[in-house]
Amino acid sequence: MLKASQAFSGFSVDDVPRAIAFYSQTLGLDAVPEHGMMRLKLGTGAVVLGYPKPNHQPASFTILNFPVPDVDAAVDALAARGVAFEHYDLPDLKTDAKGICRDPRGPVIAWFKDPAGNILSVLQAD
C-alpha cells in the first residue's frame with residue numbers, strides 16, 4: 001500500500017531559524033524554511049523535515065549520518081566552522097583527541113550535535 005509513497009523522516013528542533021542557519025551555513029546543506037519548519041535536502045535526494053517542538057528533547061541517538069571519504073579531513077573542516085565534536089571515554093566507546101572513534105569493530109566515526117542538541121555523525125565511507 002505504501003510502497004510507492006515518497007516517505008520522509010523528521011526530527012524536532014527548538015528553534016527553526018537557528019537550525020536552518022546551522023544546517024545551511026555551517027554544514028553547507030540545502031536547508032530552507034517551509035510552512036514554519038525546515039526542509040533539509042540531503043545529497044541522496046532524500047528530504048528530512050525539521051519541525052518545531054516547544055518541549056523539544058534532543059534525540060539520544062544519531063539522527064543523521066554523513067558518509068565522507070576522509071573523517072579526519074571532515075572533522076578538521078567542520079571544527080574550523082565552529083562545530084564541536086563529542087568525546088567519549090567509556091568501556092566500549094572511546095574517541096581520540098579530535099573526537100574520532102577508530103574502533104576496529106566499526107567504521108571510523110565522529111559525532112557532533114546540532115544547535116538543538118540532536119546527534120549527527122561523519123563516518124568513513126567504504
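Nine salt bridges are present in this structure, which is a predicted model.

One of the salt bridges joins Asp14 to Arg18, with 3.1 Å between the closest N and O atoms. Asp14 has a relative accessibility of 44% and counts as partly exposed. Arg18, at 38% relative accessibility, is also partly exposed.

Lys98 takes part in a salt bridge with Asp72, and the closest N and O atoms are 3.0 Å apart. This pair links distant parts of the chain: Lys98 is in the loop between strand S7 (93–94) and strand S8 (100–101), while Asp72 is in helix H2 (residues 71–80), and the two are 26 residues apart. A salt bridge also forms between the side chains of Lys98 and Asp76, at 3.0 Å from N to O. Here too distant parts of the chain are linked, as Lys98 lies in the loop between S7 and S8 and Asp76 lies in helix H2, 22 residues apart. Through salt bridges that share partners, Asp72, Asp76, Asp96, Lys98 and Arg102 are joined into one network.

Are the residues of these two bridges, starting with Lys98, buried or exposed? Lys98 has a relative accessible area of 32%, so it is partly exposed. Asp72 is partly exposed as well, with a relative accessible area of 24%. For Asp76 the relative accessible area is 44%, and this residue is again partly exposed. A residue is called buried when its relative accessible area is under 20%, so none of these three values falls in that class.

**Helix H2**

Asp72 also has a part in the start of the helix. Asp70 caps the N-terminal end of H2, with a side-chain oxygen 3.0 Å from the backbone nitrogen of Asp72. After H2 comes Gly82, which has a positive phi, near 95°.

Which residues of H2 are buried? They are Val71, Ala74, Val75 and Leu78. Viewed down the axis of H2, the buried residues fall within an arc of 100°, so they line one face of the helix. These buried residues pack against helix H1 (16–26), S5, S8, S9 and S10. H2 itself lies across S5, S8, S9 and S10, and runs at about 140° to S10.

**The sheet**

The strands that H2 lies across belong to a sheet. Four strands form this open sheet in the order S5-S10-S9-S8, and the pairing is mixed. Its edge strands are strand S5 (62–68) and S8, each of which pairs on one side only. The table lists the strand pairs.

| Strand pair | Number of bridges | Direction |
|---|---|---|
| S5 and S10 | six bridges | parallel |
| S9 and S10 | five bridges | antiparallel |
| S8 and S9 | two bridges | antiparallel |

Some residue pairs show how the strands are matched. Leu64 has Leu120 in S10 as its bridge partner. Phe112 stands opposite Leu120 in S10. On the other side of S9, Ile100 has Ala110 as its bridge partner. Strands S9 and S10 form a hairpin with five residues between them, and Gly117 in the turn has a positive phi of about 90°.

Why is strand S9 (residues 109–113) described as largely enclosed by the rest of the structure? Four of its five residues are buried, so the strand is largely enclosed by the rest of the structure. In a regular strand, side chains alternate between the two faces of the sheet.

**Thr95 in the loop before S8**

Thr95 is found in the loop between S7 and S8. Is Thr95 buried or exposed? With a relative accessible area of 17%, Thr95 is buried. A polar atom of the Thr95 side chain lies 2.8 Å from the backbone nitrogen of Tyr88. Leaving out residues up to four places away in sequence, Thr95 touches Glu86, His87, Tyr88, Ile100, Cys101 and Trp111. Among these contacts, Ile100 is the residue whose bridge partner in S9 is Ala110.

The loop between S7 and S8 therefore holds both Thr95, which is buried at 17% relative accessible area, and Lys98, which is partly exposed at 32%.

How values were computed: Residues numbered from 1 in each chain as written. Predicted model: local features only at pLDDT ≥ 70, side-chain atom pairs only at ≥ 80, totals over all residues. Heavy atoms only, no water. Salt bridge = Lys/Arg side-chain N within 4 Å of Asp/Glu carboxyl O. Buried < 20%, exposed > 50% of the residue type's maximum accessible area, 1.4 Å probe, protein only. Pairing = 2+ DSSP bridges. Contact = heavy atoms within 4.5 Å. Axes fitted to C-alpha atoms, helices over the stretch in contact; angles between N-to-C directions. Arc of directions from axis to C-beta. Polar contact = N/O pair within 3.5 Å; in protein donor to acceptor, adjacent residues only side chain to side chain.
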